[in-house]
Amino acid sequence: MLVAAGRGERLGDERPKAFAKLGELPLLAESLRRLEESEWIDQIVVVAPPGWEEPSILLAEQLGASKVSACVPGGETRSASVRAGLAEIPEDAAVVLVHDAARPMLPADLVRRLLDALDEGFDGAVPGLPVADTVKRVAGEVVIETPPRGELVAVQTPQAFVASVLRSAAMGEGSDCASLVEAAGGRVKVVPGDERLLKVTTREDLARVSGWLHE
């Protein structure tokens, strides 16, 4: 599942984030191309910005992304968008991979690392990077706690799950799919992420990713 329904206000663009230009094509195109080329992906469900389903389908056709099986509008929240995408995934699917179009630099080997974790018996797997800065939990302006930095990771997408586990957990609300599975008692493994899986939020992020693509 490729979730691309974010508004992207901080990009300062009238178009949704997924259709901000990354080179000559929309941002959505890079993630879509990489998922299409992955030998581990059988079908792709695109969760598009509401009202942008047709441009998303036309983009998939332009790229020759034949694995795209459905394109649906996203919801008001990320969790709602994931539920919309799940409704289009066949009931017999064993694994669901959820990726954010805002992270276009998907390494080819990352999907295999995630699937290996599921083969080990985990309910889910997420890519993560060690946190370099000291992180403090606060209430208002008051520090409540300083968690040990060695216990913290910055989590990315794609995230992979046993399909039945994600379907059962998806009725909740969370900042990512892993938090829903965790809340339902699922076991989630962290695998090595990638520094280039940057989440595009600002124009500066977009320029940085564009530079990587042209290295």
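Modeller: Let's settle the vocabulary: helices are DSSP runs of H or I with at least four residues, strands are DSSP runs of E with at least two, and both are numbered from the N terminus. Glu-54, for instance, sits in helix α2. What you're looking at is a predicted model, where local features need pLDDT of at least 70 and side-chain atom pairs count only at pLDDT 80 or more, while totals for chains, interfaces and linings use all residues. Residues are numbered from 1 along each chain as its sequence is written, and side-chain values use heavy atoms, with hydrogens and water left out.

Colleague: OK, let's stay with that residue. Does Glu-54 count as buried or exposed?

Modeller: The cut-offs go like this: buried is under 20% relative accessible area, exposed is over 50%, and partly exposed is in between (1.4 Å probe, protein chains only). Glu-54 comes out at 57% relative accessibility, so it counts as exposed. While you're there, look across to Val-72: the two are 18 residues apart in sequence, and their C-alpha atoms are 9.6 Å apart in space.

Colleague: Now the helices. At what angle do α1 and α2 pack?

Modeller: The general idea is that two packed helices are described by the angle between their axes and the distance between the axes. The axes are lines fitted to C-alpha atoms, for helices over the stretch in contact, and angles run from 0 to 180 degrees between N-to-C directions. Here, α1 (residues 27-37) and α2 (residues 53-63) pack at about 50 degrees, with axes 10 Å apart. Angles under 35 degrees are roughly parallel, over 145 roughly antiparallel, 65 to 115 roughly perpendicular, and the rest oblique. That's why this pair is called oblique.

Colleague: And which residues of α1 meet α2?

Modeller: With contact taken as heavy atoms within 4.5 Å, Leu-28, Ala-29 and Leu-32 of α1 meet Ser-56, Leu-59, Ala-60 and Leu-63 of α2. Sorted by class, that contact has six nonpolar residues, one polar and no charged ones. For the record, nonpolar covers Ala, Val, Leu, Ile, Met, Phe, Trp, Tyr, Cys and Pro, charged covers Asp, Glu, Lys and Arg, and the others, Gly among them, are polar.

Colleague: How many residues of α1 are buried?

Modeller: Nine of its 11 residues are, so α1 is largely enclosed by the rest of the structure. Among them are Leu-27, Ser-31, Leu-35 and Glu-36, and also Glu-30 and Arg-34.

Colleague: Charged ones in there too, then. Which side chain does Arg-33 meet in a salt bridge?

Modeller: In general, side chains of opposite charge can pair when their charged atoms come close. The rule is a side-chain nitrogen of Lys or Arg within 4 Å of a carboxyl oxygen of Asp or Glu, and the count comes to 11 salt bridges. Arg-33 pairs with Glu-30 at 2.5 Å, N to O. Arg-33 is partly exposed at 31% relative accessibility, whereas Glu-30 is buried at 12%. Glu-30 also bridges to Arg-34, with the closest N and O atoms 2.8 Å apart.

Colleague: How many residues apart are Arg-34 and Glu-30 in α1?

Modeller: Four, which is about one turn of the helix. Arg-33 and Glu-30 are three residues apart, again about one helical turn. An α-helix has 3.6 residues a turn, so residues three or four places apart point the same way. Elsewhere, Asp-109 bridges to Arg-113 at 3.0 Å between the closest N and O atoms. Back in α1, bridges that share partners link Glu-30, Arg-33, Arg-34 and Glu-37 into one network.

Colleague: Let's finish away from the helices. Where is Ala-4 found?

Modeller: Ala-4 is in the loop between β1 (2-3) and β2 (21-22), and at 5% relative accessibility it's buried. Setting aside neighbours within four places in sequence, Ala-4 is in contact with Ala-18, Leu-28, Val-47, Ala-48, Pro-49 and Ala-101. Pro-73, in strand β5 (residues 68-73), is partly exposed at 36%. With the same kind of neighbours set aside, contacts of Pro-73 include Val-47 and Ala-48.

Colleague: One last thing: is the peptide bond from Thr-157 to Pro-158 cis or trans?

Modeller: That one is cis, with omega near 10 degrees. You'll find Pro-158 in the loop between β10 (153-155) and β11 (159-162).
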